[in-house]
Every structure is written in C-alpha cells, then in structure tokens.
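Please open the structure in your viewer and keep the selection tool at hand. The stops below go from one selection to the next.

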Amino acid sequence: MRTVVVGASSGLGRCIGIGLARRGAHVAMLARRRERLDNAACEAGPGTLAVECDVTDENSCRAAIEEAARGLGGIDALVYTPAIGPLARLVDVDADTWRRVFDTNVTGAACITAAAIPHLEATAGTAAFLSSVSASLTPPWPGLGAYIVSKAALDKLVEAWRTEHPDIGFTRLVVGDCGGGEGDSRTEFAEGWDHDLAAELVPGWLARGYLTGSLIAVDELVSVVDAVLRGGASLSMPSVTVAPRPDVNEHS
C-alpha cells in the first residue's frame, strides 16, 4: 500500500506514518520541518520517503505529491493530519488567525487532495482526513470556535470530494482525545495556548463531559487508519469514529 501521510513530522501524523510503515505500507511522509521529517522517516524504516511540503502553499502541495508519487511508483492512499487550534474566544479571533486556521485545516487539505486525485483515481485508492469529536459529536467547546468551525468545513469538504469522485474512498476519521506518542510524536495541539485562559475554560469542558478522562492508545488509532486505507474504495466508510471510553475509575 503506497501511502502519503501529510503532517508527518510530529504528533499524530508522525505516529500514523511510522505505524503504517511498520505494518508494511510503503510510506511517503510529508511535512515542513526537514530535520524532524528526516528523523521520522528514519524511525519508520528503510524505504520511507521524506518529502518537504508546506500545505499552505499550493505549489508546494503539488510538487510534494508528484515527488511522492514518483518515489512510491504511484499512490494508493492519502492521510491528511495537519491541524492548528488556537485557544481564544471568538470575539478575540482576528482575521489573520481565521485565515491561518483555514489555510492549514481546510485549504491545505483541498490543495493536497486536488494534487493527489489523478493518482488516487488511477488506483481506485482511499483518502482519510482527521476530524474531531468537537466538530460533529459534541456541542462547540468554548475557546476552540475557530478550530471547530474549520473542522466542520473539513467534514463538508470530504463529503464534496466523495460526491465528485465516487471511485475514490473518502473517509472522515473523527478522533477523540489522543495524546500521541513520546518526543516528537507527542501532540503539539495545545502548545502556545494562554495558560490563564486554559485554566478558565478546561474545567467547563470537563463539567460538560467533553473530555472523557481517558486517552486513545495511539496504536489503536493507527490500526483503525490502516484498516480504513486497506479497505479501498470498494469498502464504503464515509465516517469512522475513534474515541476513548470514559474513565472507568471516574465514577467508582
């Protein structure tokens, strides 16, 4: 399975890229940060490609996909993982922040997918996009409005791709609380958050039950991604949810 994983230098993208390679996939790992990307590809094992890509640059997206397709000999699967989620009340989110969030979370996904479409059509391949429980399964989380709105837009983007290209298996992967791995594989989602604002908002998320008190084991997430991709376009899985069970000790 010739697989392109975007956002593979850190966090869940890195975990997924390495995990799929160790499960036998031939992987091209795409990201901006070259040193981290090279380290991730080395950890994934021989034959793994490291391809620089800035998802906010359309030309970079197209060049990276073409390089990956040449190196892999084609593309059977695409996984899009990049996302940023600034912590701020909507009244405080300026236009530059909205653009930055959508450039990474939505427009980047559109540009990467557009570049990959000819390769995925040639193989009746699959494309999976990481979404969030906050965009579809829970009410909006105060302080994460920009992120949630962008993920809701990503969900519709996946549906639109599926409508226009029914021979490709497009899947939305709705992911709950998952901390990723260790080191560079640790999620960086909350880095840069205002600690005072987080201290004010997080207790409300807990009180509303948005946070379960448990984390998904990253290996379980990788196993689900692997199963979705190997299902191919013939196995229709428009949406798959991977979420932790509530902490069994919470009510004991």
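Which residues of α1 meet which residues of α8? This is a predicted model. Select Leu12, Cys15, Ile16, Gly19 and Leu20 for the α1 side. For the α8 side, add Val218, Leu221, Val222, Val225, Asp226 and Leu229. By class, the residues of this contact are nine nonpolar, one polar and one charged.

Now show the two helices as cartoons. Helix α8 covers residues 218-231, and its axis comes within 9 Å of that of α1. The axes cross at roughly 65 degrees, and the crossing of α1 and α8 is right-handed.

Keep α1, residues 11-22, and add the strands that this helix lies across: β1 (2-6), β2 (26-31), β4 and β5. Relative to β2, helix α1 runs at about 165 degrees.

Next, select the whole sheet. Seven strands make up this open sheet, and their pairing is parallel. Read across, the order is β3-β2-β1-β4-β5-β6-β7. The edges are held by β3 (49-52) and β7 (239-242); each has a single partner strand, so one side of each has no neighbour in the sheet. On average, neighbouring strands are turned by 20 degrees against each other, direction ignored.

Zoom in on one pair of that sheet. Strand β4 (residues 77-80) and strand β5 (residues 126-132) run parallel and are joined by four bridges. To find one bridge partner, pick Tyr80 and then Phe129 in β5.

From β4, follow the chain into the loop that leads to α4, and stop at Leu90, which is in that loop. What does Leu90 contact beyond its neighbours within four places in sequence? Select Trp98, Gly145 and Ala146. Leu90 and Gly145 are 55 residues apart in sequence, while their C-alpha atoms are 6.1 Å apart in space.

The last stop is the largest pocket, with a volume of about 1400 Å³. Centre the view on Ala83, Ile84, Thr187, Glu188 and Phe189, the lining residues that lie nearest the centre of this pocket. The lining has 49 residues, divided into 25 nonpolar, 16 polar and eight charged. To see which elements give two or more residues to the lining, colour α1, β2, α4 (95-123), β5, α5 (133-136), α6 (145-164) and α7 (195-207).

Definitions and conventions
Residues numbered from 1 in each chain as written. Predicted model: local features only at pLDDT ≥ 70, side-chain atom pairs only at ≥ 80, totals over all residues. Heavy atoms only, no water. Pairing = 2+ DSSP bridges. Axes fitted to C-alpha atoms, helices over the stretch in contact; angles between N-to-C directions. Contact = heavy atoms within 4.5 Å. 1 Å grid on protein atoms, 1.4 Å probe; cavity = no way out; pocket = protein on both sides within 12 Å on 5 of 7 lines; lining within 4 Å. Points joined across faces, edges and corners; volume = space filled by probe spheres on them. Nonpolar A, V, L, I, M, F, W, Y, C, P; charged D, E, K, R; others polar. Left-handed = near helix turned anticlockwise from the far one by under 90°.
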